[in-house]
Amino acid sequence: MSTNLRNILLFTIMGALLVAVGVIQSANVALAILNLCLISAIMTLGVNIQWGYAGLFNAGVMGFAALGGLAAVLVSFPPVPEAWAVGGSRAMLGAVTGALSIVLAILAFKMIPGGRRLRGWAAAAVALSGVVLMRFILDPAVEAIEAVEPARTGFLGGLGLPIVFSWIAGGAFAALAAWGIGKIALGLRSDYLAIATLGISEIIVYFLKNEDWLARGVKNVNGLPRPVPYEIELQKTLWVQELAAKLDFNVIELSSIIVKLSYAGLFIVVLAIVFWLSERALKSPWGRMMRAIRDNEIAASAMGKDVTWRHLQVFVLGSAVIGLAGAMLTTLDGIFTPASYQPLRFTFLIWVMVIVGGSGNNLGSILGGFAIWFFWIEAEPIGLAVIELLTSGMGEDHALRLHLIENAAHTRLATMGVVLLMVLRFSPRGLIPERGK
Amino acid sequence: MSFLQGGGLYGGYGGADILHGCSIGVDKGEVAVVVGPNGAGKSTAMRALFGLLDLREGSVVLDEKDISRLPPQERVTLGMSFVPQNANVFTSMTVEENLEMGAFVRQDDFRPTMDQVFSLFPVLGQKRSQPAGELSGGQRQQVAVGRALMTQPSVLMLDEPTAGVSPIVMDELFDRVIEIAKTGIAILMVEQNARQALEIADRGFVLVQGQNRYTDTGQALLADPEVRRSFLGG
Amino acid sequence: MTDILNALVLLANFVLVPGLTYGSQLALGALGVTMIYAVLRFSNFGHGETMSFGAMITILTTWWLQEKGITFGVLPTALLALPVGIIATVVMCLLFDRVVYRYYRREKANPVTYLIVSVGILFILSGLVRFIIGPQDRVFADGERFIMKARAFKQMTGLDQGLAIKTTQGVTVVTAIVIVALIFWFLNRTRTGKSMRAYSDNEDLALLSGINPAKVVAITWVITGALAAIAGTLYGLDKGYKPFTYLGLVLPIFASAIVGGVGNPLGAIAGGFVVAFSELLLTFAYKRVIAYLTPGDWIPEGLVQLLSTDYKLAVSFVILVIVLLVKPTGIFSGKTL
């Protein structure tokens, strides 16, 4: 009971903070924060499934989120027929060649008789010739595709389906990638797994940045379709105008609030589903087994549990949730910007959320996602206010004061670090600790 | 009261007690051997004397000075030296460097001591520039003992020094142990090879469940039919 | 004959010189990571930011010196300022160890906990650095820009291809050699250095030999801090200082340390050069080299490049992943100093 009360209190405080921002700054700001809080919470749930349930340190969150973003583009953007005409089939052939060479390399490693070293070299030779062949097929196609109206498209486009489908696709993309990554990397020691996943996520982002034919690379994909109405259209409708008049609101502001609320509604539904499923999984025999493996891997494997297979399951599931959240994020932004995927923001910040919220507790993850995102955004105005207060004694244009004010935004990084260290030291189980421990 | 004396020792590694009031002691120039069945707390008792676990009760006295509360490093400076059973050499360092590290607490010139070690274990002199990890099991034990001798200790403690070495190597090692004891060093040794160890022992302790079952000279223990039947395999 | 010389100079100019420079920077960074791993036994994700911090202090000191009109002749003023950067970084490292890491050592925390803690420090340092110096690009190299200019080289040798060596490149390589020699002398010849190796090899036995762990840990941080400040400054001198790039450096540095065998100083250095040269060799366009080496006037059609230059940094990540998967212990299979 008391823990319940405590949790209700914590979430109430969180809600009150958001409301306070709505009152002090504006409803729009508060809702913008809320929407990203919701997405962060889902991402955090995904990491929690891996870390909290199974003790896997996945430092590749950024890569899976980026794959979700890619899914948003590939599902929702209308196809570019000209690009398909000039290089579509050849690009597909190239992609198939690439995939085949990977499969063949794996087969070579598994099938060829002989020592590990020999098989390794054979696999490497197969992979290398596959790459050369793929480049030979792909390169002209890429050049042709990227030449199609490079300022606007220059890529193959997507399927032109409603963008909401991409959320599922994003999960699937990430799950598929996680399966491959997990297959090769999960046997590694915990800190090596972290470094390997961090490296792989960098490779994924590099790929997205440089393969323009796929999703325009650093030129970004603008104007993704939305699952909710556009502000401009809302402003033209009668009910919005009437509502604005009744509430004494600016129509433009109201339309923007309605759009954000619609997003929030969608996100809350997804969050609720993911949370419910995560809780079900955690409480199921499967979840208990996962935690047993986490707490004592050796004992669990001695009892005949297939630890590697279980780890792969949990790694794929968690990554799928991260991919889902990644697709939602790109949907909300309406733009896919590969260059924006930074490990600090997309991997380490999510980790702060998990640790601060409480590893192994789904409710904690949601709270962590909310609280950390809130302070990530609000640390800037708060830091600025603090600095202005502290330096109010100095002259208006004192060099130090100006410098501090100019760089106030960066205090949020340091704040996150301090919060993380404080929680680790004084409350290592987080705001809402794992139950039954 | 012996030169090194642990009395009424109670304690363990955080959980239940392993030691239940055993007493162990050794005098300068003597070889004392602790034997007993598996899990009797032999190694634990030795580690307790060196301060590697927290004593709940009991005291350790060295040269009439109570050292029960001193950390292991300070016991090293007081002249105690300990050779653990496993991982008792710096495998990536040369034999010479191992000995040098043994002398780490010394500020004076330790070359003469190193030469003494080399004359005690001539093979180490030949292999002084080789990494200790590349030596055979018996040679590693020599490095381990040599490292412990570098502080010029008054007490040398050996935890199962003959574990995993051939009988020939064991005999040779025991010969060296006697030689070391003759220089006036007190030697306390935990041994699995009870019979052979008691043969060179001035004092023997038979521990069972963390308590002294028999305490006598090595020869007396070997002659005791009870001890022979229960602990020495007839 | 001239063609072969031209081809060699081309390779030297675009692969050898930049590779030696970048390799030295990576090697110094990887040495720091490896020291921490060998003694404190965790992967320090904050090392890139530590380098950034050291470079920042050096830059601030350089500016102050320049304001006073003090320069270092043909050499960059930053070399004069470097000792201040080193001291500040060492103090910072010791402070973090005292306030943060020591607690976890006493708790005997597992490596992942340390890793998360180092992420916290990464956040703090990156915030601090951006707060103090701002996120902009800073070029702080001064003095003579070139040791050898391409034009001068052409005139001297009469070849078509020029070889340019920047002062910062020369400074980087020379400093790296001096520092590495010092580190190896320290580890293999001094009592304190040997005690560090002993501690890294066998902590319990080091304790039994009377080696003071607190002192070993402190010295490790001193060396790591100094290495980080030097590596960070050299990298900034050569490529321009921007706080953002230092987080990205962590992975190539880890790659270097792991390729050589993490915990092994020799491996860290070898790894740095393996990574640097792999990046350059895989993304170098061999077109002109082949043109020189083949008889007649034939010139290959494409660039003859294995990977596009866009993927330069990705090469190190790929190496990292491959090594982790194929031989996680690295070339030199080290875990100890």
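**Exercise 1. Place B:Glu172 and B:Arg176, then describe the salt bridge between them.**

Step 1. Both B:Glu172 and B:Arg176 sit in helix H7 (residues 167-182) of chain B, 4 residues apart, about one turn of the helix. Helices (H or I, at least four residues) and strands (E, at least two) are DSSP runs, numbered from the N terminus.

Step 2. The model is predicted: local features need pLDDT of at least 70, side-chain atom pairs count only at pLDDT 80 or more, and totals for chains, interfaces and linings use all residues. Residues are numbered from 1 along each chain as its sequence is written, chains are lettered from A and ligands numbered from 1 in the order in which they are written, and side-chain values use heavy atoms, with hydrogens and water left out.

Step 3. A salt bridge is a side-chain nitrogen of Lys or Arg within 4 Å of a carboxyl oxygen of Asp or Glu. For B:Glu172 and B:Arg176, the closest N and O atoms are 4.0 Å apart.

Step 4. Now the accessibility. Buried means under 20% relative accessible area, exposed over 50%, partly exposed in between (1.4 Å probe, protein chains only). B:Glu172 has 37%, so it is partly exposed. B:Arg176 has 18%, so it is buried.

**Exercise 2. Is B:Phe121 buried or exposed, and which residues does it touch?**

Step 1. Locate B:Phe121: it is in the loop between helix H4 (111-120) and helix H5 (122-126) of chain B.

Step 2. Its relative accessibility is 2%, so B:Phe121 counts as buried.

Step 3. Contact means heavy atoms within 4.5 Å. Set aside neighbours within four places in sequence; B:Phe121 then contacts B:Gln142, B:Val145, B:Gly146 and B:Arg176.

Step 4. B:Leu173 is 52 residues from B:Phe121 in sequence, and the two C-alpha atoms are 9.5 Å apart in space.

**Exercise 3. Give the strand order of the open sheet in chain B.**

Step 1. The order is E2-E1-E4-E5, 4 strands with antiparallel pairing. Two strands pair if DSSP finds at least two bridges between them.

Step 2. Find the edges. Strand E2 (19-26) and strand E5 (65-66) of chain B each pair on one side only.

Step 3. Check one pair. Strand E1 (residues 4-11) and strand E4 (residues 55-62) of chain B are antiparallel over 6 bridges. B:Gly11 stands opposite B:Leu55 in E4(B).

**Exercise 4. Describe the interface between chain B and chain C.**

Step 1. Count residues: 22 of chain B are in contact with 18 of chain C.

Step 2. Take the area. Buried area is the accessible area (1.4 Å probe) that two parts lose on being put together, summed over both. Here it is about 1800 Å², with carbon and sulfur atoms giving 57%. In chain B, B:Gln73, B:Phe90 and B:Phe104 lose the most area to chain C, together 35% of what that side buries.

Step 3. Look for salt bridges. There are 2 between chain B and chain C. C:Arg197 forms one with B:Glu97, their closest N and O atoms 2.9 Å apart.

Step 4. Name the elements. Helix H2 (72-77) and helix H3 (95-102) of chain B are those that give two or more residues to the side touching chain C. H3(B) gives the most, with 3 residues.
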